[in-house]
Amino acid sequence: MSLRQMTGAEMVIKALVDQGVDVVFGYPGGAVLPIYDALFKQNQLRHVLVRHEQGAVHAAEGYARTTGKVGAVLVTSGPGATNAVTGLTDALMDSVPIVCLTGQVPTHLIGNDAFQEADTTGITRPCTKHNYLVKDANDLGRIMHEAFYVARTGRPGPVVVDLPKDVLFATGTYVPPEAVGARKTYRPQTRPDPARIEEAAELIAKAERPLFYGGGGIINSGPRACELFAELVKKTGFPCTLTLMGLGAFPGSDKQYLGLVGMHGTFEANNAMHDCDVMICVGARFDDRVTGRINAFSPGSKKIHIDIDPSSINKNVRVNVPVLGDVAQALEALSDALKRRNFKPTRERVAKWWKAIEGWRARNCLAYAKSDQIIKPQYAIERLYALTRGRDPYITTEVGQHQMWAAQLFKFEAPYHWMTSGGLGTMGYGLPAAVGVQIARPDALVIDIAGEASILMNIQEMSTICQYRLPVKGFILNNQYMGMVRQWQELLHGARYSESYTASLPDFVKLAEAFGAVGLRAEKPDDVDRVITEMLAVDRPVLVDVVVDQMENCFPMIPSGAAHNEMLLGPEDRKLEGSVSEEGMVLV
Amino acid sequence: MSEIEQHTIAVLVDNEPGVLARVIGLFSGRGYNIESLTVAETDRANNLSRITVVTSGTRMIIEQIKAQLSRLVPVHAVRDLTDEGPHVERELALIKVAGTGEKRIECLRLADIFRARVVDSTTESFVFEMTGSTEKLNAFVALMEPLGLVDVSRTGVVAIARGAKRI
């Protein structure tokens, strides 16, 4: 028997190893028992046992987003696969490379409503980049390699490989990665059109009020793209704003950085977006959280859009210079084109623009009313940032007010340090994502900045954290409300707080202890530094319950249906009353 | 500014399970219109099927549809026949009409004018086969309505570019 003859289950392991996977996040079940048996008999691949399949996908996302590698997931058929759907959708929206292996009932039972059967390829078709149902063990190797290729190339995304149990038991011939022929379809264009690069350079060279608008695509393109982006921004002296997914692509403490853009972005970033004459969008997709009212979005600017995904270009906003290609290649070409033009940013021309920006900056839009009686959530994040500086922290978040405050106030100097659910807005993302980050970086400081409502959505992963002795820190801003829901109810629904208050929360200190972790609590502003210091001193998992102001709102805010220059700056803002139009109300 | 345009798009895909679901799911999931859709294997040796889809939307939506189709993994080529110069469009219909007497004779007379072929007949019914543009088929079906129209089965539009060039 040739060396390449093996069972389907053995091929799965072999293919994962050949693809450079060192860890799989998963949960066993009947249909994947052969794979778990093969896992048991080898030691090249590590398995991390989660407590819920959604957690497995988020953990793999955390792993993928901090390493740039493809995250691997292994779940069983039926409920295993359907539980993974939220994670897959999250990965699709945020362009995270994931390969998710799902068990399936044996081929002869497919369609029979067998026990733990679900139409996995049918269910996951709209929430994956691509999916496969393997019907013959001889195809398994090729399909596995193709799945990894599709997941990591072009605009990355999740790929599902559905594996019927009889295929896992069957013996076939394994195809190694180097033996897989070139694909006839799916060849993403990475090299940008030189003519477009020239047009972009021309616009940049003549810009008077330019702005870089960077997104997660820079980070997905790789460390080289991030370097090139930062170099170009610095060389031009132009201002730069980043999307929620792009944080870290440009140093957060740099003077040229204007802060987060969009619904809860800074006054200076949004006004610059509105007033600029040349917008250089790099790896971002003009989504509704960024643009606000689309027909009032940056009305006077010429727009350059660098993106690897042709369907992201001209989707929401018509751009003047579309540059289809990989960010790193495009930025390299763009830098060269500017060099050939002897482009030197003249201070005078951009100076006027910077003066306007400094004027907006002087509004100090992230300021909040300080208190020595009650912990302001912004204060807690500011202190967390201050006390972890120099420790190179990796931050994950859940979804809601705490997430926006973290994005506003935590400054990221480097990419791959910020893992958050942007597109889908998945509450419960942060804790399992932190598992993945900590597995990838065992010695790093990994903190999940959380809200008490979000973290409860995947709190079971505390059990995973304790099993693997992961020193993950859960930093909970506890206001007993679904804070962002409460904020919208206050601003849009007459302060009728319908079902946004959680009446019976657990004692998070005791909860941490019940899992085998350390629990800490801060109730007064004076406690904050002490609990953070204590949290950092412990080399074990910690949950910190920070009891914060229940009524604090997250500002600045572009009300839905409003434009960038119609921001609300704070609770005293007079525009607040009736700020949302009827059309705005129906928007999410 | 944003006028609704109708476009005929040819999509060459791997003939594999689920590929049609991917295309249709894309249209329904993103709220695009399908006016007509036809699919059949066209190249057995290379395992390829050809989908012809007639869709409508603003220019920006049409561009989106093409970009989204091109992104699907089993898609080899996407061609906008409406944009890419002259092409031929045809549709086939089978039309069943039942009746007796003067109406029966009248529908035969009209069928002759429209060059529809009789492919089945009983003493009280005909099945016509007719090929042509969508408009021609619509016109014939409308004329049959008062004459005893029973059933219509249509293929939807198939289309191909004029000239020697391959897709």
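Let's start in chain B, where strand 1 and strand 3 run antiparallel and are joined by 10 bridges. If you want a pair to click on, take Val13(B), which stands opposite Ser49(B) in strand 3 of chain B. Before I go on, please keep in mind that this is a predicted model.

Strand 3 of chain B has another partner to look at: strand 2 of chain B pairs with it in the antiparallel sense, over 7 bridges. Here Asp43(B) stands opposite Leu48(B). These two strands form a hairpin with 4 residues between them. And which residue in the turn has a positive phi? That would be Asn47(B), at about 60°.

Now zoom out a little. The domain assignment splits chain B into domain 1, residues 5-80, and domain 2, residues 88-159. Their centres, taken over C-alpha atoms, are 29 Å apart. As for contacts, 7 residues of domain 1 of chain B meet 6 residues of domain 2 of chain B. The strands we just visited come back here: strand 1 (5-14), strand 2 (36-43) and strand 3 (48-57) of chain B each give two or more residues to the domain 1 side. Strand 2 of chain B gives the most, with 3 residues. By class, that side has 3 nonpolar and 4 polar residues, and no charged ones.

Next, how does chain B meet chain A? The contact involves 17 residues of chain B and 13 residues of chain A. On the chain B side, the elements giving two or more residues are helix 1 (19-29), helix 2 (59-71) and strand 4 (75-80). Which of them has the largest share? Helix 2 of chain B, with 7 residues. The chain B side divides into 6 nonpolar, 7 polar and 4 charged residues.

Over to chain A, then. The assignment gives three domains there: domain 1 (5-179), domain 2 (194-361) and domain 3 (377-547). I'd like to look at domain 1 and domain 3 of chain A, whose centres, again over C-alpha atoms, are separated by 30 Å. Between them, 25 residues of domain 1 are in contact with 27 residues of domain 3. On the domain 1 side, strand 2 (23-26), strand 3 (46-49), helix 3 (53-67) and helix 4 (79-93) of chain A each give two or more residues. Helix 3 of chain A gives the most, 11 residues. The class count for this side is 9 nonpolar, 11 polar and 5 charged residues.

Let's stay with chain A and move into domain 3 to see a sheet. It is an open sheet of 6 strands with parallel pairing, in the order 16-15-17-18-20-19. Which strands sit at the edges, pairing on one side only? Strand 16 (418-419) and strand 19 (518-522) of chain A. Further in, strand 18 (473-478) and strand 20 (542-547) of chain A pair in the parallel sense over 6 bridges. One bridge to point at joins Asn478(A) to its partner Val547(A) in strand 20 of chain A.

Two helices go with this part of the sheet. Helix 21 of chain A, residues 508-515, lies across strands 18, 19 and 20, and runs at about 170° to strand 19 of chain A. Helix 22 of chain A, residues 525-537, packs on the sheet and touches strand 18, strand 19 and strand 20 as well, with its direction at about 165° to that of strand 19.

Now for the interior. In soluble globular proteins, nonpolar side chains tend to be buried together. The largest nonpolar core in this model has 210 residues. Those with the most contacts inside it include Val12(A), Val99(A), Phe229(A) and Val546(A). Helix 6 of chain A, residues 137-152, gives the most to this core, with 8 residues. Val99(A) is a nice one to centre your view on: leaving out residues up to four places away in sequence, its contacts include Val70(A), Ala147(A), Phe148(A) and Val161(A). There is also a second, separate core of 12 residues, and among its members are Ile95(B), Ala116(B), Leu137(B) and Phe140(B).

My last stop is helix 14 of chain A, residues 347-361. Its buried residues are Trp353(A), Ile357(A) and Arg361(A). An α-helix has 3.6 residues a turn, so residues three or four places apart point the same way. And what do the buried residues of helix 14 of chain A pack against? Strand 11 (257-260) and helix 11 (267-275) of chain A. Thanks, everyone!

Key: Residues are numbered from 1 along each chain as its sequence is written. Chains are lettered from A and ligands numbered from 1 in the order in which they are written. This is a predicted model: local features need pLDDT of at least 70, side-chain atom pairs count only at pLDDT 80 or more; totals for chains, interfaces and linings use all residues. Domain bounds come from an automatic or database domain assignment. Ala, Val, Leu, Ile, Met, Phe, Trp, Tyr, Cys and Pro count as nonpolar, Asp, Glu, Lys and Arg as charged, and the others, Gly among them, as polar. A nonpolar core is a set of buried Ala, Val, Leu, Ile, Met, Phe, Trp, Tyr and Cys residues joined through C-beta atoms within 7 Å. A residue is buried if 20 or more other C-beta atoms lie within 10 Å of its own, exposed if 12 or fewer, and partly exposed in between; C-beta atoms are placed from the backbone. Two strands pair if DSSP finds at least two bridges between them. Axes are lines fitted to C-alpha atoms, for helices over the stretch in contact, and angles run from 0 to 180 degrees between N-to-C directions.
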